[in-house]
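Visitor: Could you show me how to read a structure step by step? I would like to go from the whole chain down to single residues.

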Amino acid sequence: PFLEKLKKKGYEVLFMTDPIDEYAVQQLKEYEGKKLLSATKEGLKMEETDEEKKAFEEAKAQSEGLCKLIKEVLDDKVEKVVVSSRL
């Protein structure tokens with residue numbers, strides 16, 4: 001699911017499945033002028049249009065009550081409940 005959004009926006013995706021790959025990407029950081037980033041890490045920043053930002057903020061505002069309820073129900077089983085634009 002992470003990759004679909006990246007490919008849709010025109011980013012090149014390198015699919016790495018070996019355990020050593022995560023370590024290699026952390027150390028390499030850049031290859032042939034291209035920055036290497038993990039699509040699965042929190043905080044991945046992608047270019048967004050004003051329309052996409054506005055739609056996300058509206059969805060986030062609408063889901064605020066639900067996030068609070070989920071956090072109350074799950075209590076100490078989860079660290080935080082937030083709306084994400086990753087998928």
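Guide: We will take the overall fold, then the surface and charges, then a few residues. One caution comes before that: this is a predicted model.

Visitor: Which elements does the protein chain contain, and in what order do they run?

Guide: A good start is to list the helices and strands, then follow them along the chain. Here the protein chain has 3 helices and 2 strands, and from the N terminus the order is α-α-β-β-α.

Visitor: Is the protein chain compact or spread out?

Guide: For that, set the radius of gyration beside what the globule rule gives. The protein chain has a radius of gyration of 16 Å, whereas the rule gives 12 Å for 87 residues, so the chain is more spread out than a compact globule. As for its extent, the C-alpha trace spans about 45 × 35 × 20 Å along the principal axes.

Visitor: How much of the protein chain is buried?

Guide: Buried means under 20% relative accessible area. Of the 87 residues in the protein chain, 6% are buried. The accessible surface comes to about 8,000 Å², and carbon and sulfur atoms hold 54% of that.

Visitor: Where do the positive and negative charges lie on average?

Guide: Here one compares two mean positions. The protein chain has 17 positive and 20 negative charges, and their mean positions are 1 Å apart.

Visitor: What share of the contacts joins residues 24 or more positions apart?

Guide: Counting contacts with a separation of 6 or more, such pairs make up 54% in the protein chain. For a look at two residues far apart in sequence, take Thr40 and Phe2: they are 38 residues apart along the chain, with C-alpha atoms separated by 6.8 Å. Thr40 sits in the loop between strand S2 (34-35) and helix H3 (50-74), and with 49% relative accessibility it is partly exposed.

Visitor: Is Asp21 buried or exposed, and what does its side chain reach?

Guide: Look at the element, then the accessibility, then the polar partners. Asp21 belongs to helix H2 (residues 19-28) and is buried, as its relative accessible area is 15%. Its side chain reaches the backbone nitrogen of Asp18 at 2.8 Å. A polar atom of that side chain also lies 3.0 Å from the backbone nitrogen of Thr17.

Visitor: Where is Thr17 found?

Guide: Thr17 is in the loop between helix H1 (2-8) and H2. With 58% relative accessibility, Thr17 counts as exposed. Between Thr17 and Lys7 there are 18 Å from C-alpha to C-alpha, at 10 residues apart in sequence.

Definitions and conventions: Residues numbered from 1 in each chain as written. Predicted model: local features only at pLDDT ≥ 70, side-chain atom pairs only at ≥ 80, totals over all residues. Heavy atoms only, no water. Helix = DSSP H or I, 4+ residues; strand = E, 2+ residues; numbered from the N terminus. Rg over C-alpha atoms; globule rule 2.2 N^0.38 Å. Buried < 20%, exposed > 50% of the residue type's maximum accessible area, 1.4 Å probe, protein only. Contact = heavy atoms within 4.5 Å. Areas by Shrake-Rupley, 256 points an atom, 1.4 Å probe, with all protein chains shown as cover. Lys, Arg positive; Asp, Glu negative; His and termini not counted. Charge placed at Lys NZ, Arg CZ, Asp CG, Glu CD. Polar contact = N/O pair within 3.5 Å; in protein donor to acceptor, adjacent residues only side chain to side chain.
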